[in-house]
Amino acid sequence: MAQFDLILLGPPGAGKGTQASRIVEDYSIPHISTGDMLRAALKNQTAMGLEAKRYMDAGELVPDSVVIGIVKDRLQESDTAAGFLLDGFPRTIPQAEALDDSLASIERGVSKALAILVDEDELVRRLTGRRICRDCQVPFHMVFSPPAEEGVCDKCGGELYQRDDDSESTVRNRLAVYSQQTEPLIAYYDRQGVLARIDGEQSPEQVYAHLKEAIGRP
Ligand code: ADP
Ligand code: ADP
Ligand code: ZN
(Lines give C-alpha, C1' and ligand atoms only; values in the text may rest on other atoms or scores of the structure.)
(Ligands and ions follow the chains in the order given, each with its own letter.)
Protein backbone atom coordinates (compact mmCIF):
# COMPACT_ATOMS: atom_id res chain seq x y z
CA MET A 1 0.00 0.00 0.00
CA ALA A 2 1.22 3.48 -0.81
CA GLN A 3 2.27 5.58 2.15
CA PHE A 4 0.25 8.32 3.65
CA ASP A 5 2.59 11.29 3.28
CA LEU A 6 0.54 14.38 4.16
CA ILE A 7 1.37 18.08 4.36
CA LEU A 8 -0.65 20.75 6.14
CA LEU A 9 -0.27 24.15 4.46
CA GLY A 10 -1.74 27.49 5.36
CA PRO A 11 -0.93 30.77 7.04
CA PRO A 12 0.01 31.08 10.71
CA GLY A 13 -3.18 30.79 12.75
CA ALA A 14 -5.18 28.90 10.11
CA GLY A 15 -5.68 25.96 12.47
CA LYS A 16 -2.93 23.57 11.34
CA GLY A 17 -1.90 22.55 14.86
CA THR A 18 -5.55 22.18 15.94
CA GLN A 19 -6.38 19.91 13.01
CA ALA A 20 -3.06 18.03 13.14
CA SER A 21 -3.80 16.59 16.57
CA ARG A 22 -7.10 15.19 15.24
CA ILE A 23 -5.62 13.80 12.04
CA VAL A 24 -2.70 11.98 13.67
CA GLU A 25 -4.99 10.37 16.24
CA ASP A 26 -7.40 9.09 13.60
CA TYR A 27 -4.83 7.95 11.06
CA SER A 28 -2.07 6.81 13.45
CA ILE A 29 0.74 8.69 11.76
CA PRO A 30 3.32 10.94 13.48
CA HIS A 31 2.79 14.71 13.70
CA ILE A 32 5.96 16.46 12.53
CA SER A 33 5.81 20.17 13.37
CA THR A 34 8.97 22.14 12.63
CA GLY A 35 7.76 24.96 14.90
CA ASP A 36 7.36 22.51 17.83
CA MET A 37 10.77 20.97 17.06
CA LEU A 38 12.47 24.38 16.96
CA ARG A 39 10.80 25.43 20.22
CA ALA A 40 11.92 22.14 21.84
CA ALA A 41 15.51 22.77 20.64
CA LEU A 42 15.35 26.24 22.16
CA LYS A 43 14.00 24.93 25.46
CA ASN A 44 16.90 22.46 25.58
CA GLN A 45 19.30 25.31 24.81
CA THR A 46 20.88 23.52 21.85
CA ALA A 47 23.08 25.59 19.51
CA MET A 48 20.49 25.17 16.78
CA GLY A 49 17.66 26.29 19.06
CA LEU A 50 19.55 29.38 20.11
CA GLU A 51 20.37 30.25 16.50
CA ALA A 52 16.73 29.76 15.46
CA LYS A 53 15.43 31.98 18.25
CA ARG A 54 16.42 35.29 16.68
CA TYR A 55 14.51 34.46 13.51
CA MET A 56 11.47 33.18 15.39
CA ASP A 57 11.32 36.22 17.68
CA ALA A 58 11.31 38.50 14.64
CA GLY A 59 8.69 36.41 12.82
CA GLU A 60 11.19 35.58 10.09
CA LEU A 61 11.87 32.13 8.68
CA VAL A 62 14.74 30.07 10.05
CA PRO A 63 17.24 29.37 7.22
CA ASP A 64 16.29 26.56 4.83
CA SER A 65 19.49 24.58 5.53
CA VAL A 66 18.59 24.32 9.23
CA VAL A 67 14.98 23.21 8.87
CA ILE A 68 15.67 20.91 5.92
CA GLY A 69 18.30 19.17 8.08
CA ILE A 70 15.86 18.71 10.97
CA VAL A 71 13.13 17.29 8.75
CA LYS A 72 15.44 14.93 6.85
CA ASP A 73 16.70 13.50 10.15
CA ARG A 74 13.18 13.14 11.49
CA LEU A 75 11.98 11.33 8.35
CA GLN A 76 14.69 8.69 8.89
CA GLU A 77 12.92 7.52 12.04
CA SER A 78 11.02 4.26 11.74
CA ASP A 79 7.65 5.65 12.85
CA THR A 80 7.34 7.40 9.47
CA ALA A 81 7.40 4.11 7.53
CA ALA A 82 3.64 4.16 6.88
CA GLY A 83 3.37 7.93 6.53
CA PHE A 84 3.49 11.23 8.37
CA LEU A 85 1.78 14.58 8.75
CA LEU A 86 4.08 17.55 8.20
CA ASP A 87 2.85 20.78 9.85
CA GLY A 88 4.67 24.04 9.15
CA PHE A 89 7.07 22.48 6.65
CA PRO A 90 7.72 23.11 3.78
CA ARG A 91 7.48 26.91 3.97
CA THR A 92 9.61 27.85 0.94
CA ILE A 93 10.05 26.45 -2.58
CA PRO A 94 13.59 25.17 -1.78
CA GLN A 95 12.17 23.32 1.25
CA ALA A 96 9.46 21.75 -0.94
CA GLU A 97 12.03 20.69 -3.52
CA ALA A 98 14.28 19.19 -0.82
CA LEU A 99 11.31 17.24 0.55
CA ASP A 100 10.36 15.97 -2.92
CA ASP A 101 13.95 14.85 -3.54
CA SER A 102 14.30 12.99 -0.27
CA LEU A 103 10.92 11.27 -0.67
CA ALA A 104 11.70 10.39 -4.31
CA SER A 105 14.98 8.78 -3.20
CA ILE A 106 12.95 6.23 -1.19
CA GLU A 107 10.26 5.90 -3.89
CA ARG A 108 7.72 7.98 -2.03
CA GLY A 109 6.05 11.31 -2.66
CA VAL A 110 3.58 13.75 -1.14
CA SER A 111 0.13 12.11 -1.24
CA LYS A 112 -1.86 15.25 -0.36
CA ALA A 113 -1.09 18.86 0.45
CA LEU A 114 -3.97 20.17 2.56
CA ALA A 115 -4.17 23.97 2.44
CA ILE A 116 -6.33 25.52 5.18
CA LEU A 117 -7.31 29.03 4.11
CA VAL A 118 -8.38 31.87 6.42
CA ASP A 119 -8.62 35.61 5.87
CA GLU A 120 -6.05 37.95 7.44
CA ASP A 121 -8.18 39.76 10.05
CA GLU A 122 -9.38 36.45 11.41
CA LEU A 123 -5.77 35.15 11.55
CA VAL A 124 -4.75 38.10 13.72
CA ARG A 125 -7.68 37.43 16.10
CA ARG A 126 -6.76 33.76 16.30
CA LEU A 127 -3.03 34.27 16.87
CA THR A 128 -3.23 37.05 19.44
CA GLY A 129 -5.71 35.02 21.56
CA ARG A 130 -3.85 31.72 21.21
CA ARG A 131 -2.59 29.78 24.25
CA ILE A 132 -0.46 26.63 23.92
CA CYS A 133 0.07 23.69 26.28
CA ARG A 134 3.67 23.54 27.53
CA ASP A 135 3.53 19.75 27.70
CA CYS A 136 1.56 18.49 24.66
CA GLN A 137 1.66 21.68 22.49
CA VAL A 138 -2.09 21.57 21.76
CA PRO A 139 -3.43 25.05 20.95
CA PHE A 140 -6.38 26.69 22.72
CA HIS A 141 -7.94 30.12 22.24
CA MET A 142 -9.09 32.44 25.01
CA VAL A 143 -12.39 33.16 23.20
CA PHE A 144 -12.84 30.61 20.37
CA SER A 145 -11.80 27.43 22.19
CA PRO A 146 -11.18 28.13 25.85
CA PRO A 147 -10.06 25.26 28.10
CA ALA A 148 -12.52 24.02 30.75
CA GLU A 149 -10.28 25.42 33.48
CA GLU A 150 -8.43 28.68 32.83
CA GLY A 151 -4.73 28.23 32.12
CA VAL A 152 -4.90 24.40 32.14
CA CYS A 153 -4.76 22.00 29.17
CA ASP A 154 -7.95 19.88 28.75
CA LYS A 155 -5.98 17.02 27.25
CA CYS A 156 -3.06 16.56 29.65
CA GLY A 157 -3.43 19.04 32.53
CA GLY A 158 -0.32 20.95 31.38
CA GLU A 159 0.12 24.69 31.85
CA LEU A 160 -1.01 26.99 29.02
CA TYR A 161 1.24 29.86 27.87
CA GLN A 162 1.29 32.56 25.21
CA ARG A 163 4.06 32.28 22.62
CA ASP A 164 6.41 35.31 22.46
CA ASP A 165 5.83 35.56 18.71
CA ASP A 166 2.02 35.75 19.06
CA SER A 167 2.16 39.51 19.77
CA GLU A 168 0.32 41.68 17.22
CA SER A 169 3.44 43.26 15.64
CA THR A 170 5.25 39.94 15.14
CA VAL A 171 2.04 38.36 13.86
CA ARG A 172 1.77 41.02 11.11
CA ASN A 173 5.31 40.25 9.98
CA ARG A 174 4.69 36.50 10.03
CA LEU A 175 1.65 37.01 7.80
CA ALA A 176 3.70 39.10 5.35
CA VAL A 177 6.45 36.44 5.31
CA TYR A 178 3.76 33.84 4.63
CA SER A 179 2.43 35.66 1.57
CA GLN A 180 5.88 36.24 0.12
CA GLN A 181 7.57 32.92 0.80
CA THR A 182 5.02 30.24 1.61
CA GLU A 183 1.88 31.03 -0.40
CA PRO A 184 3.62 30.09 -3.69
CA LEU A 185 3.60 26.49 -2.43
CA ILE A 186 -0.13 26.34 -3.06
CA ALA A 187 0.49 26.65 -6.81
CA TYR A 188 3.49 24.29 -6.52
CA TYR A 189 1.36 21.46 -5.12
CA ASP A 190 -1.55 22.31 -7.41
CA ARG A 191 0.75 21.70 -10.39
CA GLN A 192 1.65 18.32 -8.89
CA GLY A 193 -2.06 17.49 -8.69
CA VAL A 194 -2.02 16.81 -4.93
CA LEU A 195 -3.52 20.04 -3.60
CA ALA A 196 -6.77 20.28 -1.64
CA ARG A 197 -8.04 23.72 -0.61
CA ILE A 198 -10.04 23.77 2.64
CA ASP A 199 -12.10 26.71 3.88
CA GLY A 200 -10.68 27.29 7.38
CA GLU A 201 -13.36 29.79 8.44
CA GLN A 202 -15.73 27.22 9.87
CA SER A 203 -15.86 25.45 13.20
CA PRO A 204 -12.92 23.12 13.92
CA GLU A 205 -15.32 20.17 13.53
CA GLN A 206 -16.45 21.33 10.07
CA VAL A 207 -12.87 21.97 8.97
CA TYR A 208 -11.94 18.48 10.14
CA ALA A 209 -14.81 16.90 8.18
CA HIS A 210 -13.58 18.59 4.99
CA LEU A 211 -10.00 17.51 5.67
CA LYS A 212 -11.12 13.89 6.01
CA GLU A 213 -13.01 14.11 2.76
CA ALA A 214 -9.91 15.50 1.04
CA ILE A 215 -7.64 12.82 2.52
CA GLY A 216 -10.10 10.33 1.08
CA ARG A 217 -9.19 7.33 3.18
CA PRO A 218 -11.23 5.91 6.04
P1 ADP B 1 -1.62 27.15 13.19
O2 ADP B 1 -1.00 25.87 13.69
O3 ADP B 1 -2.07 27.06 11.77
O4 ADP B 1 -0.75 28.35 13.43
P5 ADP B 1 -3.51 26.81 15.44
O6 ADP B 1 -4.07 25.45 15.26
O7 ADP B 1 -2.51 27.01 16.49
O8 ADP B 1 -2.96 27.38 14.01
O9 ADP B 1 -4.76 27.80 15.66
C10 ADP B 1 -4.55 29.20 15.89
C11 ADP B 1 -5.56 29.68 16.95
O12 ADP B 1 -6.87 29.66 16.40
C13 ADP B 1 -5.60 28.82 18.21
O14 ADP B 1 -5.81 29.67 19.31
C15 ADP B 1 -6.80 27.90 17.97
O16 ADP B 1 -7.41 27.52 19.21
C17 ADP B 1 -7.73 28.78 17.15
N18 ADP B 1 -8.50 28.03 16.14
C19 ADP B 1 -8.12 26.93 15.44
N20 ADP B 1 -9.08 26.53 14.59
C21 ADP B 1 -10.12 27.41 14.74
C22 ADP B 1 -11.43 27.54 14.14
N23 ADP B 1 -11.84 26.69 13.18
N24 ADP B 1 -12.19 28.57 14.56
C25 ADP B 1 -11.77 29.43 15.51
N26 ADP B 1 -10.56 29.37 16.12
C27 ADP B 1 -9.74 28.37 15.74
P1 ADP C 1 2.72 29.23 13.06
O2 ADP C 1 2.14 28.13 12.27
O3 ADP C 1 1.88 29.73 14.15
O4 ADP C 1 3.30 30.34 12.22
P5 ADP C 1 5.08 27.61 13.75
O6 ADP C 1 5.07 27.07 15.11
O7 ADP C 1 4.86 26.72 12.60
O8 ADP C 1 4.06 28.83 13.77
O9 ADP C 1 6.47 28.37 13.47
C10 ADP C 1 6.99 29.31 14.40
C11 ADP C 1 8.28 29.89 13.84
O12 ADP C 1 9.25 28.84 13.66
C13 ADP C 1 8.16 30.53 12.46
O14 ADP C 1 7.74 31.89 12.53
C15 ADP C 1 9.60 30.40 11.94
O16 ADP C 1 10.45 31.37 12.52
C17 ADP C 1 10.01 29.05 12.50
N18 ADP C 1 9.72 27.94 11.53
C19 ADP C 1 8.87 26.90 11.72
N20 ADP C 1 8.85 26.08 10.65
C21 ADP C 1 9.71 26.63 9.75
C22 ADP C 1 10.12 26.28 8.43
N23 ADP C 1 9.63 25.19 7.80
N24 ADP C 1 11.02 27.10 7.81
C25 ADP C 1 11.53 28.19 8.41
N26 ADP C 1 11.18 28.58 9.65
C27 ADP C 1 10.28 27.82 10.33
ZN1 ZN D 1 -1.49 19.45 27.10
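**Entry 1: ligand 2**

I began with the surroundings of ligand 2, where 19 residues are found, and noted that Thr34, Arg39, Glu60, Arg130 and Arg174 come nearest. I record here that the model is predicted.

I then asked which helix gives the most to the shell around ligand 2. Helix α2, residues 34-43, does so with four residues. I sorted the shell by residue type and obtained seven nonpolar, four polar and eight charged residues.

Next I looked up polar contacts. The side chain of Lys16 has an N or O atom 3.4 Å from an oxygen atom of ligand 2. A polar backbone atom of Val62 is 3.1 Å from a nitrogen atom of the ligand, and for a polar backbone atom of Gly88 and a nitrogen atom of ligand 2 I noted 2.9 Å. Ligand 2 taken alone exposes 550 Å², and the protein buries 96% of that.

**Entry 2: ligand 1**

I turned to ligand 1, which is surrounded by 19 residues, with Gly13, Lys16, Thr18, Arg130 and Phe140 the closest. Lys16 thus appears here and in the polar contact with ligand 2. Arg130 is likewise listed among the closest residues of ligand 1 and among the nearest of ligand 2.

How far is an oxygen atom of ligand 1 from an N or O atom in the side chain of Arg130? I found 2.6 Å. Polar backbone atoms also take part: that of Gly13 is 2.8 Å from an oxygen atom of the ligand, and that of Gly17 is 2.8 Å from an oxygen atom of the ligand. On its own, ligand 1 has 560 Å² of accessible area, of which the protein covers 92%. Two elements, α1 (16-27) and β6 (139-141), give two or more residues to this shell. By type, I recorded seven nonpolar, nine polar and three charged residues around ligand 1.

**Entry 3: two charged residues**

I looked up Arg126, which is placed in helix α6, residues 120-128. Is Arg126 buried or exposed? Arg126 counts as buried because its relative accessibility is 17%, and the cut-off for buried is under 20%. Its side chain reaches the backbone oxygen of Gly200 at 3.0 Å. Beyond its neighbours within four places in sequence, Arg126 is in contact with residues including Gly13, His141, Phe144 and Glu201.

I then located Asp165 in the loop between β7 (160-161) and α7 (168-182). Asp165 is buried too, with a relative accessible area of 10%. Not counting residues up to four places away in sequence, Asp165 touches Met56, Thr170, Val171 and Arg174. I also noted Asp57, which is 108 residues from Asp165 along the chain, although their C-alpha atoms are separated by 5.6 Å.

**Entry 4: nonpolar cores**

Finally, I examined the nonpolar cores. In soluble globular proteins, nonpolar side chains tend to be buried together. The largest core here has 30 residues, and those with the most contacts inside it are Ile7, Leu9, Leu86, Leu99 and Tyr189. Several elements each supply at least two residues of this core, including β1 (4-9), α5 (93-104) and α8 (184-191). Which element gives the most to this core? I found that α4 does, with six residues.

I followed Tyr189 further. Leaving aside neighbours within four places in sequence, Tyr189 is in contact with Ile7, Leu9, Pro90, Ala96, Leu99, Val110, Ala113, Val194 and Leu195. Apart from this core lies another, of 25 residues, among them Leu85, Ala196, Tyr208 and Ala214.

Conventions:
Residues are numbered from 1 along each chain as its sequence is written. Chains are lettered from A and ligands numbered from 1 in the order in which they are written. This is a predicted model: local features need pLDDT of at least 70, side-chain atom pairs count only at pLDDT 80 or more; totals for chains, interfaces and linings use all residues. Side-chain values use heavy atoms; hydrogens and water are left out. A nonpolar core is a set of buried Ala, Val, Leu, Ile, Met, Phe, Trp, Tyr and Cys residues joined through side-chain atoms within 4.5 Å. Buried means under 20% relative accessible area, exposed over 50%, partly exposed in between (1.4 Å probe, protein chains only). Contact means heavy atoms within 4.5 Å. A residue is near a molecule or strand if one of its heavy atoms lies within 4 Å of it. A polar contact is a pair of N or O atoms within 3.5 Å; within protein, one must be able to donate a hydrogen and the other to accept it, and residues adjacent in sequence count only if both atoms are side-chain atoms. Accessible areas come from the Shrake-Rupley method with a 1.4 Å probe; for residues, only the protein chains shown count as cover. Ala, Val, Leu, Ile, Met, Phe, Trp, Tyr, Cys and Pro count as nonpolar, Asp, Glu, Lys and Arg as charged, and the others, Gly among them, as polar.
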